[in-house]
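Reader: I'm new to reading protein models. Could you walk me through one, feature by feature?

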Amino acid sequence: MKSKPALPPVDMETYVPAAITVVRRSVGWPGIIAHERRGKSGAVDYPGGIRQHVLYCFLDSLRSDVFLNGQKETVHYKAGDCRFTPAGRPVAFRWIGDVRVLMLGFQPWFFDRVAAELNTPAALPAEINTRKLSARHPVSVLMQQLHQELDATAGAALAAEGLARAIAVQILREFDHIRGAKPAPAAPPLAVLKVVELMRTRIGDSLALEELAEVAGLSPFHFARQFKTATGHPPHDYLIRLRVDRAQELIRQHSREWTMAAIANECGFADQSHMARHFKRVLGVSPGEFAEANPSLR
């Protein structure tokens with residue numbers, strides 16, 4: 001009998017459980033993703049794990065069941081407590097009651113790069129899901145600072161990167177005595193970072209695959225493959241997502257003065273309908289609905 005194929009990991013950036021809503025998200029933070037999520041009682045099962053390493057900071061008290069290898073363990077979190085879920089490890093969660101949580105997702109290459117600088121392995125076992133980091137732990141304190149960057153404008157991405165690196169260091173220190181199997185090699189992070197930075201600085205330009213590959217120092221074929229391995233998205237789709245992030249920022253800042261057509265042009269979209277189509281695909285709402293839902297724009 002043939003064995004069933006392994007299920008792929010879930011992408012934190014695009015998957016949101018049915019009982020949960022993303023109320024705030026990071027804008028253009030290379031290598032890291034931050035979501036503030038809220039919702040009701042629910043459950044999720046990740047048989048293929050999560051693509052990113054994910055740190056959860058519970059903003060309110062919560063009771064959660066963690067399912068590992070067919071075993072259940074109940075963990076009670078106080079406001080400010082954190083949980084770390086290593087990438088690619090099968091796990092399931094069930095939570096009871098209203099939930100409000102800040103999630104920080106590390107792309108594997110970002111986390112691996114910090115581990116390499118510490119000269120320590122980055123792989124951690126699934127059992128860490130049941131370890132609770134108290135609100136006074138350095139990781140939890142840093143997450144509270146990161147939470148504030150979701151509302152910041154100038155320098156938010158730079159500050160978030162520094163905080164995320166510090167958080168990764170603290171996580172690796174905390175679990176240094178626990179090691180899992182070595183993960184598959186990550187794509188060269190420097191090449192990815194250089195291209196992402198180019199995308200951010202020239203977000204309104206038409207960037208050909210060949211130009212991006214040249215910046216990375218790779219052939220177009222190998223660059224496209226390695227970029228998707230590192231980020232989870234092909235280069236063009238990642239650029240579109242950066243443009244959607246930029247559009248969110250401009251809608252928050254200038255929706256009273258700028259038209260949607262002007263914002264679309266500033267972000268590199270062909271026209272307003274082009275922006276609306278991708279906005280809806282990435283975020284699940286139209287630009288107009290996003291503006292209506294943002295309290296600062298009412």
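Reader: Which strands form a hairpin with Asn69 in the turn?

Author: First, what a strand is: helices (H or I, at least four residues) and strands (E, at least two) are DSSP runs, numbered from the N terminus. Two strands pair if DSSP finds at least two bridges between them. Here β5 and β6 make the hairpin, with 2 residues between them, and Asn69 in that turn has a positive phi of about 50 degrees. β5 covers residues 62-68, and β6 covers residues 71-77. The two run antiparallel and are joined by 7 bridges. Leu68 stands opposite Gln71 in β6.

Reader: Before we go on, where do these values come from?

Author: This is a predicted model, where local features need pLDDT of at least 70 and side-chain atom pairs count only at pLDDT 80 or more, while totals for chains, interfaces and linings use all residues. Residues are numbered from 1 along each chain as its sequence is written, and side-chain values use heavy atoms, with hydrogens and water left out.

Reader: Which strand does Ser64 of β5 face, and how many bridges are there?

Author: That's β8 (residues 91-96), which runs antiparallel to β5 and is joined to it by 5 bridges. Ser64 stands opposite Trp95 there. As a general idea, side chains in a regular strand alternate between the two faces of the sheet.

Reader: Why is β5 called largely enclosed by the rest of the structure?

Author: It's about burial: buried means under 20% relative accessible area, exposed over 50%, and partly exposed in between (1.4 Å probe, protein chains only). In β5, 5 of the 7 residues are buried, so the rest of the structure largely encloses the strand.

Reader: What about Phe58: buried or exposed?

Author: Phe58 counts as buried because its relative accessibility is 3%. You'll find Phe58 in strand β4 (residues 53-58). A contact means heavy atoms within 4.5 Å. Not counting residues up to four places away in sequence, Phe58 touches several residues, including Tyr77, Arg83, Arg100 and Val101.

Reader: How do I spot a salt bridge, and how many are there?

Author: Side chains of opposite charge can pair when their charged atoms come close. The rule is a side-chain nitrogen of Lys or Arg within 4 Å of a carboxyl oxygen of Asp or Glu. By that rule, the structure holds 14 salt bridges. Take Glu36 and Arg24, whose side chains meet at 2.7 Å, N to O. This pair links distant parts of the chain, with Glu36 in strand β2 (residues 32-39) and Arg24 in strand β1, 12 residues apart. Glu36 is buried, at 1% relative accessible area, whereas Arg24 is partly exposed at 22%.

Reader: Which residue forms a salt bridge with Asp60?

Author: Arg100 does, and the closest N and O atoms are 3.1 Å apart. Asp60 sits in the loop between β4 and β5, and Arg100 in strand β9 (residues 99-106), 40 residues away along the chain. Both are partly exposed: Asp60 at 33% and Arg100 at 26%. Arg24, Glu36, Arg38, Asp60, Arg100 and Asp151 are linked in a network of salt bridges.

Reader: And what about empty spaces? How many cavities are there?

Author: On a 1 Å grid over the protein atoms alone, a cavity is a set of points where a 1.4 Å probe fits but cannot get out, and a pocket is an open set with protein on both sides within 12 Å along at least five of seven lines; lining residues have an atom within 4 Å of a point. Grid points are joined across faces, edges and corners, and a volume is the space filled by probe spheres set on the points. The count is 4 cavities of 30 Å³ or more. The second largest has a volume of about 200 Å³. Its lining has 15 residues, and among those nearest its centre are Tyr56, Arg83 and Trp95. β9 gives the largest share of that lining, 3 residues.

Reader: What is the volume of the largest pocket, and what lines it?

Author: The volume is about 1200 Å³. The lining has 45 residues, of which Arg25, Val27, Gln248, Arg252 and Phe290 lie nearest the centre. Helix α7 supplies the largest share, 8 residues.
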